[in-house]
Amino acid sequence: MTLQGTNTYLFGSDPCLVIDPGPAEESHIEAIREAAGQRGGIGGVLITHGDADHVEGVPMLGEEVIELSDGETHGGLTAVSTPGHAAEHYCFISEGVCFSGDLVLGEGSTIVAPGGGSLIAYLDSLRRLQGYDLELICPGHGPWVTDPKAKLEQYVEHRMMRERRLLAALERGERSRAALLAEVWDDVPEQLRPAAELVMAAHLEKLAAEGRLDAELKP
């Protein structure tokens with residue numbers, strides 16, 4: 001089910017698990033309770049990460065949040081640590097189906113802001129998912145992904161394409177952040193430029209951590 005762009009999933013039955021209860025909207029929470037009632041009730045809540053649009057409804061739902069560590073399984077779902085979009089981000093996988101939170105979206109790409117090596121972690125997380133034999137990705141936003149292999153390849157290539165273009169501009173001698181943004185993210189609409197600037201900062205942070213950025217542009 002969706003509300004304000006965030007997907008909530010019910011997994012299993014007798015009882016079911018709620019993945020990301022979503023926003024604190026009474027109609028949405030009641031819809032969760034009604035659907036869960038048809039599955040034998042709620043046996044607990046799993047959270048992919050702590051963004052408000054994924055967790056605000058937890059207190060209203062009034063069910064226990066089950067905290068799993070990497071590799072732990074509960075109710076048929078295995079927790080897979082996938083930091084990047086958020087440091088504490090997890091995906092949950094069962095028999096070829098991945099509930100991906102904001103690691104992978106049904107449409108577009110997710111924001112990876114700088115801080116703590118987030119882009120390096122994000123790419124590692126995407127590659128980790130590539131190691132699973134996935135048949136379906138159920139994202140936190142947007143429609144289901146029915147070709148996980150192609151989607152994950154696309155996500156990795158998208159980030160690496162930006163990096164190649166950024167490196168090309170840097171090797172040519174460009175040092176203005178405004179000029180780098182205008183050149184490398186030239187396809188991004190004006191209203192999304194602030195988000196693109198954050199993403200560029202994450203790319204520069206990655207290059208700095210890898211020793212591929214001179215001191216002039218280091219974050």
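The following paragraphs lead from the overall form of this protein to one of its helices and then to a single residue.

The structure is a predicted model, and in it the protein has seven helices and 10 strands. A compact globule of 219 residues would have a radius of gyration near 17 Å, and the protein, at 19 Å, agrees with this. Along its principal axes, the C-alpha trace spans about 65 × 35 × 30 Å.

Turning to how the chain packs, we find that buried residues make up 46% of the 219 residues. Among the contacts with a separation of 6 or more, 59% come from residues that stand 24 or more positions apart. On the outside, the accessible surface comes to about 10200 Å², and carbon and sulfur atoms account for 50% of that area. The protein carries 17 positive and 36 negative charges, and the mean positions of these two groups are 11 Å apart.

Among the helices is H5, which runs through residues 148–171 and so contains 24 residues. From its first C-alpha to its last, H5 reaches 34 Å, close to the 34 Å expected at 1.5 Å a residue. After H5 comes Gly173, a residue whose phi is positive, near 110 degrees.

A second helix, H2, covers residues 52–55 and includes His54. His54 counts as buried because its relative accessible area is 0%, whereas the cut-off for buried is under 20%. Leaving aside residues up to four places away in sequence, His54 touches Thr6, Asp20, Pro21, Gly22, Ile47, Thr48 and His49, and also Asp102, Gly140 and His141.

Methods
Residues are numbered from 1 along each chain as its sequence is written. This is a predicted model: local features need pLDDT of at least 70, side-chain atom pairs count only at pLDDT 80 or more; totals for chains, interfaces and linings use all residues. Side-chain values use heavy atoms; hydrogens and water are left out. Helices (H or I, at least four residues) and strands (E, at least two) are DSSP runs, numbered from the N terminus. The expected span of a helix is 1.5 Å times one less than its number of residues. The radius of gyration is taken over C-alpha atoms; the globule rule is 2.2 Å times the number of residues to the power 0.38. Buried means under 20% relative accessible area, exposed over 50%, partly exposed in between (1.4 Å probe, protein chains only). Contact means heavy atoms within 4.5 Å. Accessible areas come from the Shrake-Rupley method with a 1.4 Å probe; for residues, only the protein chains shown count as cover. Lys and Arg count as positive and Asp and Glu as negative; His and the chain ends are not counted. The place of a charge is taken as NZ of Lys, CZ of Arg, CG of Asp or CD of Glu.
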